Amino acid sequence: MIAIGDPIPDVKLPDTDGAAIELAAMKGAPLVVYFYPKADTPGCTTEAQDFTRLAPDFAHLGAQVLAVSRDAPAKLCKFRDKYGLTVRLASDEDGTACEAFGTWVEKQNYGRTYMGIERSTFLFGRDGKLAKEWRKVRVKGHADAVLEAAKAL
């Protein structure tokens, strides 16, 4: 599992258009990587809309925002288009990024135990090192809190 001070994991993911995203190559500017369980569900939609609403503020800081789920690129493309999302969405179908960040965890819901993505966010500084992390995220106000932390870098 990644810890404060660790470098950005060397993981490659496709975005909605199939372009490869190399996380380790994104250092040099602040980077927000957030993991969400499933596209087009209420909490995940609200979170993506909140980060989209704040996208100009993150851009003003020179920060990039990347949203990661295990959904296929085609599903992410529909999700982006349906809600007019401007946050870059990445697909981690094979779970490589989830493993590197420690977000693939055992969960329980209504007495059922299963594996899934723990809603988590990671903020990397310009040096490519993890500056702050949020685990077990509650969506309301979260994007604003991440923006404030990015301003403090």
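**Close-up views of a predicted model**

Among contacts in the chain between residues at least 6 apart in sequence, 63% join residues at least 24 apart. Keep that in mind as you go through the views, and remember that the model is predicted.

**View 1. The whole chain, before we zoom in.** Five helices and nine strands make up the chain. Follow the sequence from its start and you'll meet them in the pattern β-β-β-α-α-β-α-β-α-β-β-β-β-α. The C-alpha trace spans about 40 × 35 × 30 Å along its principal axes. How does the radius of gyration fit with a compact globule? A compact globule of 153 residues would have a value near 15 Å, and the chain has 14 Å, so the two agree. As for what's tucked away, 47% of the 153 residues count as buried.

**View 2. The largest nonpolar core.** Here we're looking at a core of 25 residues. Y34, Y36, F51 and F58 have the most contacts inside this core, so they're good ones to find first. Several elements chip in: β3 (31-35), α1 (42-53), β4 (64-69), α3 (73-83) and α5 (142-151) each supply at least two residues. Helix α5 gives the most to this core, with five residues. There's also a second, separate core, made of 20 residues, and I21, L31, A90 and L130 are among them.

**View 3. Y36 and the residues around it.** Y36 is one of the residues with the most contacts inside the largest nonpolar core. Which residues does Y36 touch, not counting those up to four places away in sequence? They are C44, E47, A67, V68, S69, D71, L76, F79, L89, I117 and R119. Look out for R119 again in the next view, where this residue helps to line the largest pocket.

**View 4. The largest pocket.** The space in this pocket comes to about 290 Å³. Its lining is made up of P37, V105, E106, K107, Q108, N109, Y114, E118, R119 and K136. Which strand brings the largest share of that lining? Strand β6 (residues 104-109) does, with five residues. Sort the lining by class and you get three nonpolar, two polar and five charged residues.

**View 5. T16, in a loop.** You'll find T16 in the loop between β1 (12-14) and β2 (20-22). Is T16 buried or exposed? T16 has a relative accessibility of 12%, and because that is under the 20% cut-off, this residue counts as buried. Leaving out residues up to four places away in sequence, T16 touches P73, L76, C77, R80 and L89. Now find A74: T16 and A74 are 58 residues apart in sequence, but their C-alpha atoms are 6.6 Å apart in space.

**View 6. D50, in a helix.** D50 sits in helix α1. With a relative accessible area of 16%, D50 is under the 20% cut-off and therefore buried. Setting aside neighbours within four places in sequence, D50 is in contact with V139 and A143. The second of these, A143, falls within the residue range of helix α5 (142-151).

**View 7. A3, before the strands begin.** A3 lies in the segment before β1. How does A3 class by accessibility? A3 is partly exposed, because its relative accessible area of 34% falls between the 20% and 50% cut-offs. To see another pairing across the chain, look for G102, which is 99 residues away from A3 along the chain. The C-alpha atoms of A3 and G102 are separated by 9.7 Å.

How values were computed
Residues numbered from 1 in each chain as written. Predicted model: local features only at pLDDT ≥ 70, side-chain atom pairs only at ≥ 80, totals over all residues. Heavy atoms only, no water. 1 Å grid on protein atoms, 1.4 Å probe; cavity = no way out; pocket = protein on both sides within 12 Å on 5 of 7 lines; lining within 4 Å. Points joined across faces, edges and corners; volume = space filled by probe spheres on them. Helix = DSSP H or I, 4+ residues; strand = E, 2+ residues; numbered from the N terminus. Nonpolar A, V, L, I, M, F, W, Y, C, P; charged D, E, K, R; others polar. Core = buried A, V, L, I, M, F, W, Y, C linked by side-chain atoms within 4.5 Å. Buried < 20%, exposed > 50% of the residue type's maximum accessible area, 1.4 Å probe, protein only. Contact = heavy atoms within 4.5 Å. Rg over C-alpha atoms; globule rule 2.2 N^0.38 Å.
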